[in-house]
Amino acid sequence: MEIINNVKDIALIFEGGGMRASYTAGILNNLLENEIYFDYVAGISAGASHSINYLSRDILRAKRSFVDLVLDPNFGGWKSFFKGEGYFRSQYIYEETSYPGAALPLDFQTFMANPAQLRIGALERDTGKLIYFTKADIDNIEDLMKIVRASSSMPIFMPPTCFKEKVYVDGGLGGGIALDIAKKDGMRKFFVILTREKGYRKNPVKFKRFIKSYYRMYPLVAEAMFNRHIIYNRTLEELEELERQGKAFLVYPDVMPVSNKETNFKKLSACYELGYAQGKRDLPRWKEFLE
């Protein structure tokens, strides 16, 4: 199976943001429907799920991952949180749903056949370093879904993820927008799909004493949480400057009607439709930049 990508030398970057990705799933699906195929894709947290759905060219899965899955009784909630399985049951969501016949089957064959470069960021718990995984780290679907789970393991609300004897938490703690790795890999132009409205800036984390206590065994995770807003805001400023220079196209949601922990199906469905409508409207502007 030969898969050809038609957008060269421009990085596609998906920001994380939990269930806010229901909006950007609509953006993603406009790319796929219009056969806009990038040869370099990077994502963190929810953006990691978007990256693999995009590379496997799966319109249905892109939407179901952040809308329909909340109807699954195994998805999560406070009951599973207090059992230690996470508010979002990450082991189920990432590792048990992706097989043929399961709730969210992934076309692993198409994913692996896609020649595009992939980067997925996760924070190593013991060192506090943001690690980027590539296709070289993936031998099978189990590896891939562990990596996506590691990138998406929301602090406090989800248990950390162990992959090849190392433990990871949400890559969003390292900033949340994978511009750093794309630049390091030599990319010069960027198409960035964000999950916050234009002008947004992240505030310092609250409840510092609680976080310090919660991560007393892993102080570098707490430190990453305290510094996250600085890295995130700095990255946004850099992206805005790149946009002014014509080197970046930033896709901001017109509005963001849901939070990162939203589990209401109707709200998530409406959110997806808003993102999809925005993508349809803005497609000519995207094409102008990409050409």
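Which residues lie nearest the centre of the largest pocket? This tour of a predicted model begins there.

**Stop 1: the largest pocket**

Select Lys 202, Val 205, Arg 228, Asn 260 and Lys 261, the residues that lie nearest the centre of the largest pocket. The full lining consists of 33 residues, and the pocket has a volume of about 860 Å³. Next, display helix H9 (208-214) and helix H10 (219-244), each of which supplies at least two residues of this lining. H10 gives the most, with four residues. Colour the lining by class, and 14 nonpolar, 11 polar and eight charged residues should appear.

**Stop 2: the second largest pocket**

Now select Ile 156, Met 158, Pro 159, Pro 160 and Tyr 214, which lie nearest the centre of the second largest pocket. About 260 Å³ of space lies in this pocket, and 18 residues line it. By class, its lining has 13 nonpolar, three polar and two charged residues.

**Stop 3: helices H1 and H3**

Turn next to two helices that pack together. In general, such a pair is described by the angle between the two axes and the distance between them. Select residues 21-33 for helix H1 and residues 59-66 for helix H3. Their axes come within 9 Å and cross at roughly 175 degrees. Because an angle over 145 degrees counts as roughly antiparallel, H1 is described as roughly antiparallel to H3.

To view the contact itself, show the side chains of Ala 21, Ser 22, Ala 25, Leu 28, Asn 29, Leu 32 and Glu 33 in H1. On the H3 side, these residues meet Ile 59, Ala 62, Lys 63 and Phe 66. The contact comprises seven nonpolar, two polar and two charged residues.

**Stop 4: the enclosed cavity**

How many cavities of 30 Å³ or more does a search of the whole structure find? The search finds one. About 230 Å³ of space lies in the largest cavity. To locate this cavity, select Met 19, Ser 49, Phe 66, Ile 93 and Tyr 94, which are the closest to its centre among the 19 residues that line it. Phe 66 is already familiar from the previous stop, as one of the H3 residues that meet H1.

Finally, display helix H2 (46-55), H3 and helix H5 (90-96) together; each supplies at least two residues of the cavity lining. Colouring that lining by class gives 13 nonpolar residues, five polar residues and one charged residue.

How values were computed:
Residues are numbered from 1 along each chain as its sequence is written. This is a predicted model: local features need pLDDT of at least 70, side-chain atom pairs count only at pLDDT 80 or more; totals for chains, interfaces and linings use all residues. Side-chain values use heavy atoms; hydrogens and water are left out. Axes are lines fitted to C-alpha atoms, for helices over the stretch in contact, and angles run from 0 to 180 degrees between N-to-C directions. Angles under 35 degrees count as roughly parallel, over 145 as roughly antiparallel, 65 to 115 as roughly perpendicular and the rest as oblique. Contact means heavy atoms within 4.5 Å. Ala, Val, Leu, Ile, Met, Phe, Trp, Tyr, Cys and Pro count as nonpolar, Asp, Glu, Lys and Arg as charged, and the others, Gly among them, as polar. On a 1 Å grid over the protein atoms alone, a cavity is a set of points where a 1.4 Å probe fits but cannot get out, and a pocket is an open set with protein on both sides within 12 Å along at least five of seven lines; lining residues have an atom within 4 Å of a point. Grid points are joined across faces, edges and corners, and a volume is the space filled by probe spheres set on the points.
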